[in-house]
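Colleague: Got a minute to walk me through this model? I'd like to start with the helices and then wander a bit.

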Amino acid sequence: STAADNTRLNARDKSADTMKPTDQPNNSADIKVAAAVRKSIVDEKSLSMLAHNVKLVAAAGVVTLRGPVASADEKIKVGKLAASVSGVSLVNNELDIKQ
């Protein structure tokens, strides 16, 4: 087996342009949207544990999704779930497919 190489992801995550969970605004509207998106993802029992634990940030109607999911179908499904939440105007689906 080969050793894990997260160099590309680590470099991306160090960029100031990359949205991280610590960038979540602390206003009630954004927190409410983030909680609703999280609930819609967790309530979907067909998703893997990876998908249930994706990182998300909601800011001014824009939801950024990050982290690994089990498949391309799961990536699409999580993005659609986020987009269907009231208050979400745009989804930046930056999910990675675990291989």
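**Helices first**

Modeller: Sure, and keep in mind that this is a predicted model. Take α2: its 16 residues should span 22 Å at 1.5 Å a residue, and its end C-alpha atoms are 22 Å apart, which agrees.

Colleague: OK, and which residues of α2 are buried?

Modeller: D30, V33, A34, V37, S40 and I41 are the buried ones in α2. They cover an arc of only 125° around the axis, which puts them on the same side of α2.

Colleague: Why would residues spaced like that point the same way?

Modeller: An α-helix has 3.6 residues a turn, so residues three or four places apart point the same way.

Colleague: And what's exposed on the other side of α2?

Modeller: There you find S28, K32 and K39, which are exposed.

Colleague: What do the buried residues of α2 pack against?

Modeller: They pack against α3, β1, β2 and α4.

Colleague: Let's back up. How many helices and strands are there in the protein?

Modeller: Four helices and three strands. Along the sequence the pattern reads α-α-α-β-β-α-β.

Colleague: How confident is the predictor, and where is confidence lowest?

Modeller: The mean pLDDT of the protein is 87, with 83% of its residues at 70 or more. Confidence is lowest in helix α1, residues 7–14, where the mean is 57. At the other end, helix α4 (residues 72–83) has the highest, at 98.

Colleague: What should I do about a low-confidence stretch?

Modeller: Where pLDDT is low, the predicted coordinates should not be read in detail.

Colleague: Then tell me about α4. How far does it reach from its first C-alpha to its last?

Modeller: α4 has 12 residues and reaches 17 Å, close to the 16 Å expected at 1.5 Å a residue.

Colleague: Which residues of α4 are buried?

Modeller: E74, V78, G79, L81 and A82. Looking down the axis of α4, those buried residues fall within an arc of 160°, so they line one face of the helix. D73 and K80 are exposed on the other side of α4.

Colleague: What covers the buried face of α4?

Modeller: The cover includes α2 (28–43), α3 (49–52), β2 (62–69) and β3 (90–97).

Colleague: Zoom in on A82 for me. Is A82 buried or exposed?

Modeller: A82 is buried, with a relative accessible area of 0%. This residue sits in helix α4.

Colleague: What does A82 touch?

Modeller: Leaving out residues up to four places away in sequence, A82 touches V37, V63, L65, V88 and V91. V37 is also one of the buried residues of α2. As for T64, its C-alpha is 9.3 Å from that of A82, and the two are 18 residues apart in sequence.

Colleague: Switching to the strands. In what sense do β1 and β2 pair, parallel or antiparallel?

Modeller: Strand β1 (residues 55–59) and β2 pair in the antiparallel sense, over five bridges. K55 stands opposite R66 in β2. The two strands form a hairpin with two residues between them.

Colleague: Anything odd about A60 in that turn?

Modeller: Its phi is near 55°, which is a positive value in a residue other than glycine. A60 is exposed too, with a relative accessible area of 69%.

Colleague: And β2 with β3, parallel or antiparallel?

Modeller: Those two pair in the parallel sense over eight bridges, and V63 stands opposite V91 in β3. Both of those valines are among the residues A82 touches. β2 is mostly covered, with six of its eight residues buried.

Colleague: What about the loop between α4 and β3, where S86 lies?

Modeller: S86 is exposed there, with a relative accessible area of 67%. Its C-alpha and that of A36 are separated by 8.2 Å, though the two residues are 50 apart along the chain.

Colleague: Last one, for the whole protein: how much is buried, and how much area is exposed?

Modeller: Buried residues make up 30% of the 99 residues. The protein exposes about 6,200 Å², and carbon and sulfur atoms supply 55% of that. On contacts between residues at least 6 apart in sequence, 62% join residues at least 24 apart.

Terms used: Residues are numbered from 1 along each chain as its sequence is written. This is a predicted model: local features need pLDDT of at least 70, side-chain atom pairs count only at pLDDT 80 or more; totals for chains, interfaces and linings use all residues. Side-chain values use heavy atoms; hydrogens and water are left out. Buried means under 20% relative accessible area, exposed over 50%, partly exposed in between (1.4 Å probe, protein chains only). Contact means heavy atoms within 4.5 Å. Accessible areas come from the Shrake-Rupley method with a 1.4 Å probe; for residues, only the protein chains shown count as cover. pLDDT is the predictor's confidence in each residue, from 0 to 100. The expected span of a helix is 1.5 Å times one less than its number of residues. The arc is that of the directions from the helix axis to the C-beta atoms. Two strands pair if DSSP finds at least two bridges between them.
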